[in-house]
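Here are my notes from going through this one, jotted down as numbered points. Have the viewer open while you read.

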Amino acid sequence: MELAKTFDSKSAEEKWFRQWIDLGYFKADPSRDGKVFSIVIPPPNVTGQLHLGHALNVTLQDIIVRARRMQGYNTLWVPGTDHAGIATQNAVEKDLAREGKTRHQLGREKFVERVWQWKETYGGRILHQLRRLGASCDWSRERFTLDPGLSRAVNEVFVRLYRENLIYKDRKLINWCPRCETALSDLEVEHKETRGNLYYIRYPFADRSGAITVATTRPETMLGDTAVAVNPEDARFSSVVGRKLILPLAGREIPVIADAAVDREFGTGAVKITPAHDFNDFEIGRRHGLEQVSVMDTRGMMNEAAGAYRGMDRDACRKKVVADLEAQGLLEKIEPHTHAVGTCSRCDTVVEPMLSEQWFVRIKPLAEKAIAAVREGRTRFVPEFWENTYFNWMENIHDWCISRQLWWGHRIPAFRCARCNHLMVAPTRPERCEQCSGADLIQDDDVLDTWFSSALWPFSTLGWPDQTAELARYYPTSLLITGFDIIFFWVARMMMMGLWFTGEVPFRDVYITPLVRDKYGKKMTKSRGNVVDPLDLMDRYGTDALRLTLAQLSVQGRDVILSDDRLAASRAFANKIWNAARFVLMNLEGAEVPIKPVETAALSLADRWILGRLDNATREIARAIDEYEFNVASMVVYQFAWHEFCDWYIELSKDELKAGGEAQAAARYVLVRCLDRMLRLLHPFMPFVTEEIWQTLRPYIDEPGLAQHLVVAKFPEPSAGAPLGEEESLAMDRCIEATVAINRLRALLGFHPGQRARGFVGFLPEAGAEATFARWQPYAMALGKLESFQRVELNGNPPARSASDVLKWGQVWVEAPEGFDFDKARQELAKRRAEVQKHIEQHEARWNNPEFRAKVPQEKQDEMHERFLGLTAQREMLDAQLQQLERSDA
């Protein structure tokens, strides 16, 4: 069997993923023996489309899941999607708007049917994209947060928390989105620095003896003011506390009160108090028993309490209020003012603090358990510094507003009797009222916050509240891989719910992924136009190349800087592995199948060296995967495959393969063993190209019970004994260092690729390198294309007409070819160095010019810096080459 000349990534990806699924390799079996590794996918929104954040997250999950599967773990990876209440409802409402319809025209039942139809049409899109990425989930266990099993778990949790007095209903000030017409939790509000104004307004005393000036950013809410507050320690206002003011434009009397929460440094030190439209004012109002006057409706329009301004939207009302204040001589001044404005994370509408009756979770009892679990080490964060973020939020947590005024989602399982108004909370609709036996029961209109059901994901997907075999075997899960932006939304809530309802943490480890940025280090956003579609990258470079690149760049605690150059390098690596495999297979023609093992004693120094390097790589990759050092693991396998196996051992094996007999048999055995183990180590990172190669190599592998496919083959383990002694290992290191130096000197002296050269080596007496020279001399001659490689004394006359390179244990020379002009070569190098130095000085002059840097965009500055680094590297190389020629005897 032989491989095609080039790797067809698209056909391989489709073929192997289909076969893996058909053969059931990803299916979990709770009855199977073995150590357990379980993980749940962070369920992407059903509205979602694959982006680079998903690609990174799923790639890292798949790497560790594939490795654990090959290591013999009983592995479960649960896939699924989130119903994404607001996002999905918004998407369907936009579709309806294009038809000239609204959800209210359809009615609740028909609208929900329409959303389910939309979900069936578009909802599976992102899961198909995850399959394209190679995600080896147990796809037979795909879950959806609104499927019957998860809905049952949601109702059970709600009822239990209610009966434990941990869920309650109350009229409070909450975040309200006028566009989505629903309550939002604090976490669903994004605070953006916004340029606005500070309006200074005079509030006259009721006895007309003067006025107090207050400063506000929101003059339209003054229509709901019920007091003006000052700090009790502010001497400027000590004489006015308790007096009455006339509320401008409304004519109502309001008091001046004293409260320690007032910031004396803000504005004039006196602030208006609007309990129904500001969170701080709400708390002050509660302390002082103030009336709560709401002046807006759920759409952000001014209501009847706004008097003459009724029917205006917030912005129009602000303009009109300011104009009226100015007309009445009550507007003292307007100053520019930058402040944080809360916006809806889904639609970017400015959020309105609104008085509303909502359902809340009394969260602190749950948070205390979740804090303790992390402090006790039952769950750990990687990187560890994310624990501080978790603690800071959990220790200052507020009750969670869980009701949403939507139609798509888990409807709250609360039922009110139309006859006697009795409220019942039950997992299923009661047949009759438990107090009056009335049959007319009205279910609460609200649905639960999407994150309520997501918080149950690790245990609800395993069958809870039933005590299933899956729950017993796979919970707690082993690992959660997720982004830092949902530590509060999701991770903390899973911790709280998991501990409260199962007594166990939901996961042992939490790995927080870095942020993917563009090649200039910029965050990818639509507004910048630098968003990259991972599907496009997979089409251009292949899925394996994208996966390897993301793994290599995933340094713990550091953002991923993605560039086409890195992706192209990963694609080149796939081609390198492919061509190496073609070389190995070509040299197995005529060999007995399978290739039989060769005793260590019969192996050459090079054979034993590469097997030792393979053991080192195997050991380090396993350790790095255990510690979630994905970048280390991927770079170690890359280094071994490209440099040690392809660049060195394959070249060293060529003479042995030509020699025939025992040397050829040994080289064949080592080539097969290394390629087989290398493909197994690489498979979690690049599953498709490795499976394609391994299937062709498989007949040559001598292993009892060998798997039919690489995806379930045994993960390598280091050999029991070291194949190479310390002295031999050192000898090979010196061989490689000498060969690198020889090839640098060959290039400097202008040798053609096939042209033979004469080499020389001298050793420092204290380095101890001379003793092993005879063992590695033939390898250096073969790799350096030398016709001779002689030992000379370091303190004697250097070889004539040669260039040299100094190593830490000695010195290497290469004699120049006939006709080589040393003086001309030096002049050309000096000329090139002068040109490079000129460019460096030009760069430095521009870089040190503040005016130039102020005008140039950051992206251009980054390009200049990269160019500067490249130029300095060129200068260092030219300096080294000049030194090498200066040490020659022309």
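The points below cover a sheet, a pocket and some ring contacts.

1. Before anything else, keep in mind that this is a predicted model. Values for side chains leave out hydrogens and water.

2. Start with the open sheet of 4 strands, which runs β6-β5-β14-β16 with antiparallel pairing. Its edges are β6 (182-184) and β16 (400-401), each with a partner on one side only. Inside the sheet, β5 (residues 167-177) and β14 (residues 352-361) are joined by 10 bridges in the antiparallel sense. If you want a handle on the register, I167 has V361 in β14 as its bridge partner.

3. Next, the second largest pocket, which holds about 1400 Å³ of space. Its lining counts 44 residues, and T217, R218, D278, H339 and A340 are the ones nearest the centre. By character, the lining splits into 16 nonpolar, 14 polar and 14 charged residues.

4. Who builds that lining? Elements giving at least two residues each include β7 (189-204), β8 (211-216), α8 (279-288), α9 (314-327) and β13 (331-344). Strand β14 is also one of these contributors. The largest share, 7 residues, comes from β7.

5. Strand β7 deserves a closer look. With β13 it pairs antiparallel over 13 bridges, and T194 stands opposite H339 there. With β8 it is joined by 6 bridges, again antiparallel, and Y200 faces A215. The β7 and β8 strands make a hairpin with 6 residues between them, and R208 in the turn has a positive phi of about 60°.

6. On to the rings: the count is 38 aromatic pairs. One of them is F640 with F645, stacked at 6.4 Å centre to centre with 20° between the planes. Both of these residues are buried.

7. Another pair to check is F763 with W809: the ring centres are 5.6 Å apart and the planes meet at 25°, so the pair counts as stacked. Because F763 sits in β26 (residues 757-763) and W809 in the loop between β28 (802-807) and β29 (810-815), the pair ties together parts that are 46 residues apart in sequence. Both ends are buried, F763 with a relative accessible area of 9% and W809 with 2%.

8. There is also an aromatic cluster made of F158, Y162, W359, W400 and F452. For charges over rings, have a look at R103, whose charged end sits over the ring of W407 at 4.7 Å from its centre. R68 likewise lies over the face of Y73, 5.2 Å from the ring centre.

Definitions and conventions
Residues numbered from 1 in each chain as written. Predicted model: local features only at pLDDT ≥ 70, side-chain atom pairs only at ≥ 80, totals over all residues. Pairing = 2+ DSSP bridges. 1 Å grid on protein atoms, 1.4 Å probe; cavity = no way out; pocket = protein on both sides within 12 Å on 5 of 7 lines; lining within 4 Å. Points joined across faces, edges and corners; volume = space filled by probe spheres on them. Nonpolar A, V, L, I, M, F, W, Y, C, P; charged D, E, K, R; others polar. Phe/Tyr/Trp six-rings, centres within 6.5 Å; stacked < 30°, edge-to-face > 60°. Buried < 20%, exposed > 50% of the residue type's maximum accessible area, 1.4 Å probe, protein only. Lys NZ or Arg CZ within 6 Å of the ring centre and 35° of its normal.
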